[in-house]
Amino acid sequence: RDNIAIYGIDKEGNNLPNFPIEIIPENGKEIYPLSDSVFMIEKNDGSKFIGVVYAIYENAREGWWPPFMKNVSYHLNIYSIDGSLITKKKFFEDNLREIGNLGLEFAVADLNGDDNQEIVIVTGIRDWNVYDEDVYNINAYQTNSYILDINGNILSEPYSIKGFLITKLA
């Protein structure tokens with residue numbers, strides 16, 4: 001894909017001002033939306049924001065979907081409710097392996113009691129080279145979790161385990 005478009009539509013079906021939001025990758029790379037990757041965030045003052053999670057990558061093997069990705073990075077963009085970009089944060093990068101996305105789960109909640117919501121993102125990736133040799137090798141799979149604030153700042157060291165993606169996060 002060469003872009004992602006996010007549409008804001010009112011109750012009557014009309015586009016909201018400044019929508020759609022279009023995300024276009026740089027340097028001829030491709031873009032891949034990660035699972036159900038658009039969500040709402042609300043600050044303690046009642047202001048609302050839109051979060052979007054996606055991958056920027058080079059296609060490692062043509063003709064496959066979902067893609068075999070190389071030189072991949074995962075990003076979180078946060079937009080105001082009027083469609084203005086607030087922040088763009090890269091939270092994962094891998095330039096060594098061909099990987100595949102196994103999914104993404106996220107939750108938005110006040111985790112630390114400061115009356116602001118934090119964003120928990122859990123991603124699963126497959127190392128295609130290891131997987132091609134042995135589908136049952138646990139090293140072919142990796143689950144990563146990140147906690148970010150509403151400004152896209154990573155609040156904790158990313159937590160990584162070998163194994164399959166966590167599919168439900170409550």
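**View 1. The side chain of Glu118 meets the backbone of Leu111.** In this predicted model, a polar atom of the Glu118 side chain sits 2.7 Å from the backbone nitrogen of Leu111. Glu118 belongs to strand E8, which spans residues 118-127.

**View 2. Glu118 is buried without a salt bridge.** Take a look around this acidic side chain: Glu118 is buried, and the nearest side chain of opposite charge, that of Lys43, is 11 Å away. A salt bridge needs the charged atoms within 4 Å, so Lys43 does not form one with Glu118. Beyond its neighbours within four places in sequence, Glu118 has contacts that include Ala107, Val108, Ala109, Asp110 and Leu111, along with Ile147, Leu148 and Leu155.

**View 3. The largest nonpolar core has 23 residues.** Val53, Val72, Tyr74, Leu76, Phe91 and Phe92 touch the most other members of this core. Strands E3, E4, E5, E6, E7, E8 and E9 each supply at least two of its residues, and the largest share, five residues, comes from E5.

**View 4. Leu76 up close, with a second core elsewhere.** Setting aside residues up to four places away in sequence, Leu76 touches, among others, Phe39, Val53, Phe91, Ile119 and Leu148. Apart from the largest core lies another, of 11 residues, with Ile6, Tyr54, Ile56 and Tyr79 among them.

**View 5. The whole chain, for orientation.** Here you can place the close-ups within one helix and 10 strands; from the N terminus, eight strands lead to the helix, and two strands follow. Buried residues make up 41% of the 170 in the chain. The accessible surface comes to about 9400 Å², with 48% of that belonging to carbon and sulfur atoms.

Notes: Residues numbered from 1 in each chain as written. Predicted model: local features only at pLDDT ≥ 70, side-chain atom pairs only at ≥ 80, totals over all residues. Heavy atoms only, no water. Helix = DSSP H or I, 4+ residues; strand = E, 2+ residues; numbered from the N terminus. Buried < 20%, exposed > 50% of the residue type's maximum accessible area, 1.4 Å probe, protein only. Areas by Shrake-Rupley, 256 points an atom, 1.4 Å probe, with all protein chains shown as cover. Lys, Arg positive; Asp, Glu negative; His and termini not counted. Polar contact = N/O pair within 3.5 Å; in protein donor to acceptor, adjacent residues only side chain to side chain. Contact = heavy atoms within 4.5 Å. Core = buried A, V, L, I, M, F, W, Y, C linked by side-chain atoms within 4.5 Å.
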